[in-house]
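Visitor: I'm new to this one and would like to be walked through it slowly. Please begin with the vocabulary I'll need.

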Amino acid sequence: MKQQVGIEAIAVALPRRYIDLGDLARARGVDPAKYTQGLGGLEMSVAEPGEDTAALAASAVAKLLANRALDPSRIGMLVVGTETGVDHSKAVASYVQGMLRFPQSMRTFDCQHACYGGTAALNSVAEWIASGAGAGRVGIAVCSDIARYGLNTSGEPTQGAGAVAMLVSESPELLALDVGVSGTCSMDVHDFWRPLGRREAVVDGHYSIQCYLEAVSGSYRGWRARALGRDLIRSAEVPSEQLARIAYHVPFCKMAKKAHAQVRRCDIEDRTGKALDASAEAEETPRAAASFETQVAPSLGLSARVGNIYTGSLYLSLASLLHKEAALLTGKRIGLFSYGSGCVSEFFSGVVGPRAPTAINSAGLDRVLADRERIGVEEYTRILELPADRPLGTPPPPGAFRYAGTVDYRRSYARG
Ligand code: HMG
């Protein structure tokens with residue numbers, strides 16, 4: 001078993017355009033505060049037909065290679081987590097391998113379980129390295145998705161699109177994972193799903209929130225038991241407070257606040273052996289709010305401006321957190337919660353690496369956001385109504401990829 005395994009570097013690729021959620025609310029006749037305060041979002045990425053899941057994934061991997069000057073012959077494994085792939089059979093990982101002309105010696109495949117697919121990809125690569133099977137090579141886990149609920153639906157303000165690529169290695173400059181110390185919780189539920197042939201998800205929105213919260217409880221309790229057993233944390237009034245920060249899967253920012261209150265509720269109720277009564281609730285509410293500001297809010301900056309990117313949402317939170325606070329967090333343990341509808345979830349942890357400030361700097365996240373163009377509701381509506389298989393003539397920006405068209409059922413891609 002390797003001493004240290006985790007995330008060495010991260011790169012984010014976003015569609016070139018976004019919509020302001022205030023504009024969307026006004027067009028829908030909704031109070032903008034519902035989207036900005038009620039759901040916690042500011043902006044939402046909008047993918048054009050050429051910016052499909054494979055193109056976004058390849059663009060993120062290309063940035064990762066460029067930022068790290070990484071020699072592709074060192075990469076032994078490329079795993080893509082996605083729930084919005086471009087083929088029922090051929091893996092997005094194969095498209096990415098082709099676009100980047102990666103060596104044939106790699107193991108490549110996709111992982112799918114709604115938004116959990118990204119964590120499945122990360123675990124596959126991390127455990128391959130930890131077991132020694134990687135034999136000194138590095139691996140890449142990519143999360144890439146386009147979240148679509150459709151125009152005029154209640155899920156509409158919780159869409160988004162983008163890809164996060166992570167270099168996983170024995171030099172975890174960003175985050176050394178506590179391999180083997182995680183808690184999982186899964187159930188067979190219909191909270192959110194996308195039947196074959198549909199572009200838009202079907203969702204039972206309020207029920208999905210309940211499922212997520214039940215999953216947080218199960219996963220967090222499992223992690224806490226293992227973390228206590230391994231002396232990563234000690235028994236305390238609220239053990240979760242020993243995590244310097246917690247990054248959650250973020251379908252919309254308010255969800256992270258609900259999740260964090262649930263984690264604390266688990267701690268408090270397990271200690272007292274009873275459900276919070278009205279007076280305990282009144283005492284806990286301001287404490288949970290203060291703890292949210294310290295432990296969670298710093299991870300939400302990117303999600304508020306990008307929206308839900310499904311598999312990549314948790315890793316967008318991690319990138320956001322390190323972008324904001326890496327210097328404060330080096331050597332500290334943080335928690336991470338991954339949720340995929342259907343459902344499966346995992347609470348895990350890791351320690352921020354000593355070189356995290358430099359490593360996150362190289363991701364150039366301010367530039368990734370600044371390079372986007374704001375569009376109005378009319379243009380957003382036009383884009384959402386375009387057929388998926390009709391790419392626009394827009395050339396990709398330098399270094400990025402775009403879907404270029406299909407001939408004989410074969411998709412092709414262009415590089416800028
Ligand atoms: P809704 O029913 O339109 O909204 O849909 P609401 O009425 O529940 O209001 C939302 C919040 O805004 C509430 O706050 C309101 O009080 C507040 P809360 O009570 O929850 O704290 N509000 C206002 N605040 C300020 N000023 C106002 C105002 N009006 C209302 N004027 C819903 C919301 C999230 C259900 C919908 O957008 C949806 O269905 N989204 C998609 C599903 C989703 O994101 N589920 C999350 C859990 S499942 C998950 O994370 C998995 C997923 O990522 C997929 C995967 O795994 O692949 C989705």
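Guide: When I speak of helices and strands, I mean DSSP runs numbered from the N terminus, with at least four residues for a helix and at least two for a strand. Please also keep in mind that this is a predicted model.

Visitor: OK, so where does Ala-69 lie?
Guide: Ala-69 lies in the loop that runs between helix H3 (53-68) and strand E4 (75-81).

Visitor: And what about its phi, given that Ala-69 is not a glycine?
Guide: Ala-69 has a positive phi of about 50 degrees. Most residues other than glycine have a negative phi.

Visitor: Is Ala-69 buried or exposed?
Guide: Ala-69 has a relative accessible area of 70%, and because exposed means over 50%, it counts as exposed.

Visitor: Which other residue has a positive phi although it is not a glycine?
Guide: Asp-408 is one such residue, with a positive phi of about 55 degrees. Asp-408 is placed in the loop between strand E16 (401-407) and strand E17 (410-415), and with a relative accessible area of 61% Asp-408 is exposed.

Visitor: Switching topic, which residues does a cis peptide bond join?
Guide: A cis peptide bond, with omega about 0 degrees, joins Gly-342 and Cys-343. Most peptide bonds are trans. Cys-343 has its place in the loop between E13 and strand E14 (344-352).

Visitor: Now the ligand. Which pocket does the ligand sit in?
Guide: The ligand sits in the second largest pocket. There are 27 residues around the ligand, and those that come nearest are Lys-34, Glu-83, Cys-115, Lys-254 and Lys-258.

Visitor: How do the residues of that shell divide into nonpolar, polar and charged?
Guide: The shell around the ligand divides into 11 nonpolar residues, 11 polar ones and five charged ones.

Visitor: Which elements each supply at least two residues of the shell?
Guide: Helix H2 (32-38), helix H6 (205-229), helix H7 (253-272) and strand E13 (333-340) each supply at least two. The largest share comes from H6, with four residues.

Visitor: What is 2.9 Å from a nitrogen atom of the ligand?
Guide: That is an N or O atom in the side chain of Asp-31. On the oxygen side, an oxygen atom of the ligand is 2.8 Å from an N or O atom in the side chain of His-249, and an oxygen atom of the ligand is 3.1 Å from a polar backbone atom of Cys-115. As for cover, the ligand taken alone exposes 1,100 Å², and the protein buries 76% of that.

Visitor: Moving away from the ligand, where does Thr-311 lie?
Guide: Thr-311 lies in the loop between helix H9 (301-306) and helix H10 (313-329). Its relative accessibility is 1%, so Thr-311 counts as buried. A polar atom of the Thr-311 side chain lies 3.3 Å from the backbone nitrogen of Ser-144.

Visitor: One more loop, please. Where is Lys-90 found?
Guide: Lys-90 is found in the loop between E4 and helix H4 (92-99), and at 41% relative accessibility Lys-90 counts as partly exposed. Measuring C-alpha to C-alpha, Lys-90 and Asp-110 are 9.0 Å apart in space, while in sequence they are 20 residues apart.

Visitor: Finally, which helix does Gly-22 lie in?
Guide: Gly-22 lies in helix H1 (residues 21-28), where it is buried, with a relative accessible area of 7%.

Technical notes: Residues are numbered from 1 along each chain as its sequence is written. This is a predicted model: local features need pLDDT of at least 70, side-chain atom pairs count only at pLDDT 80 or more; totals for chains, interfaces and linings use all residues. Side-chain values use heavy atoms; hydrogens and water are left out. A residue is near a molecule or strand if one of its heavy atoms lies within 4 Å of it. A polar contact is a pair of N or O atoms within 3.5 Å; within protein, one must be able to donate a hydrogen and the other to accept it, and residues adjacent in sequence count only if both atoms are side-chain atoms. Accessible areas come from the Shrake-Rupley method with a 1.4 Å probe; for residues, only the protein chains shown count as cover. On a 1 Å grid over the protein atoms alone, a cavity is a set of points where a 1.4 Å probe fits but cannot get out, and a pocket is an open set with protein on both sides within 12 Å along at least five of seven lines; lining residues have an atom within 4 Å of a point. A molecule sits in a cavity or pocket if more than half of its atoms lie within 2 Å of its grid points. Ala, Val, Leu, Ile, Met, Phe, Trp, Tyr, Cys and Pro count as nonpolar, Asp, Glu, Lys and Arg as charged, and the others, Gly among them, as polar. Buried means under 20% relative accessible area, exposed over 50%, partly exposed in between (1.4 Å probe, protein chains only).
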